[in-house]
Amino acid sequence: EVLAIHAPAVATRGGACAGGDTGNIFEPALTLTEPWLSPDASPGVVGGAAHFRVVASVGPGGIADVLQPGGRWVRFSRGGTRCVSLLDVLQQAPELLLYQRMNG
């Protein structure tokens, strides 16, 4: 299961994103509880919460950061493809964040 967040909307409403000179810093992991969970979410809920980790982000100009198997982050852009650190990903000013539900 994937959770998509339109980041500019979150930032303007005082959410997890915090603006600054280094771009938006967002949370690499999220925990959602009721009332944010739908009734059909209960099979994967542990202790009344569902846990998610960021697996991709899309930033300005179509720059996309994607978590690869093994935990390596890869940045795709018009200028090419390169490995980046999690800090690079977190400091990007994302427009779209994709989180994957974690087991247990």
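Ser 77 stands opposite Gly 80 in strand S6. That pair belongs to a hairpin in which two residues link S5 to S6. The model is predicted. Its chain of 104 residues has 31% of them buried. Two helices and seven strands make up the secondary structure.

**Overall layout**

- Read from the N terminus, the order of elements is β-α-β-β-β-β-β-α-β.
- Take the contacts between residues at least 6 apart in sequence: 55% of them join residues at least 24 apart.
- The chain exposes about 6400 Å². Carbon and sulfur atoms account for 56% of that area.

**Confidence**

- Mean pLDDT for the chain is 77. A value of 70 or more is reached by 67% of the residues.
- Residues 11-23 stay under 50 in pLDDT. The model still gives this stretch 18 contacts beyond four places in sequence.
- Where pLDDT is low, predicted coordinates should not be read in detail.

**Strand pairing**

- S5 covers residues 73-77 and S6 covers residues 80-84. The two run antiparallel and are joined by five bridges.
- S2 and S3 are also antiparallel, with five bridges between them. Thr 31 stands opposite His 51 of S3.
- S3 pairs with S7 through six bridges, again antiparallel. Here Val 58 has Leu 96 of S7 as its bridge partner.
- S3 pairs with S4 (residues 64-67) through three bridges, in antiparallel fashion. Val 58 stands opposite Ala 64 of S4.
- Val 58 thus has a partner in S7, Leu 96, and one in S4, Ala 64.
- The link between S3 and S4 is a hairpin with five residues between the strands. Gly 61 sits in that turn and has a positive phi of about 75°.

**Strand S3 and the nonpolar core**

- S3 is largely enclosed by the rest of the structure, because seven of its ten residues are buried.
- The largest nonpolar core holds 16 residues. Phe 26, Phe 52, Trp 73, Leu 97 and Tyr 99 have the most contacts inside it.
- Four elements each supply at least two residues of this core: S2 (29-33), S3 (49-58), helix H2 (86-91) and S7 (96-101). S3 gives the largest share, four residues.
- Phe 52 has many contacts beyond four places in sequence. Among them are Leu 3, Pro 28, Ala 29, Leu 30 and Leu 32. Tyr 99, Gln 100, Arg 101 and Met 102 are also in contact with Phe 52.

**Ser 57**

- Ser 57 lies in S3. Its relative accessible area is 0%, so it counts as buried, the cut-off being under 20%.
- Its side chain makes a polar contact with the side chain of Gln 92, at 2.8 Å.
- Beyond four places in sequence, Ser 57 touches Phe 26, Ile 63, Ala 64 and Asp 65. Val 89, Gln 92, Pro 94, Leu 96 and Leu 97 are touched as well.

**Leu 96 and His 6**

- Leu 96 is in S7. With a relative accessible area of 31%, Leu 96 is partly exposed.
- Leu 96 and Ala 56 lie 40 residues apart in sequence, with their C-alpha atoms 8.3 Å apart.
- Leaving out residues up to four places away, Leu 96 touches Ala 4, Ile 5, His 6 and Ala 7. It also touches Ala 56, Ser 57 and Val 58.
- His 6 is part of strand S1, residues 2-6. Beyond four places in sequence, His 6 touches Glu 95 and Leu 96.
- The C-alpha atoms of His 6 and Leu 98 are separated by 9.0 Å. Along the chain these two residues are 92 apart.

Conventions. Residues are numbered from 1 along each chain as its sequence is written. This is a predicted model: local features need pLDDT of at least 70, side-chain atom pairs count only at pLDDT 80 or more; totals for chains, interfaces and linings use all residues. Side-chain values use heavy atoms; hydrogens and water are left out. Buried means under 20% relative accessible area, exposed over 50%, partly exposed in between (1.4 Å probe, protein chains only). Contact means heavy atoms within 4.5 Å. Accessible areas come from the Shrake-Rupley method with a 1.4 Å probe; for residues, only the protein chains shown count as cover. Two strands pair if DSSP finds at least two bridges between them. A nonpolar core is a set of buried Ala, Val, Leu, Ile, Met, Phe, Trp, Tyr and Cys residues joined through side-chain atoms within 4.5 Å. pLDDT is the predictor's confidence in each residue, from 0 to 100. A polar contact is a pair of N or O atoms within 3.5 Å; within protein, one must be able to donate a hydrogen and the other to accept it, and residues adjacent in sequence count only if both atoms are side-chain atoms.
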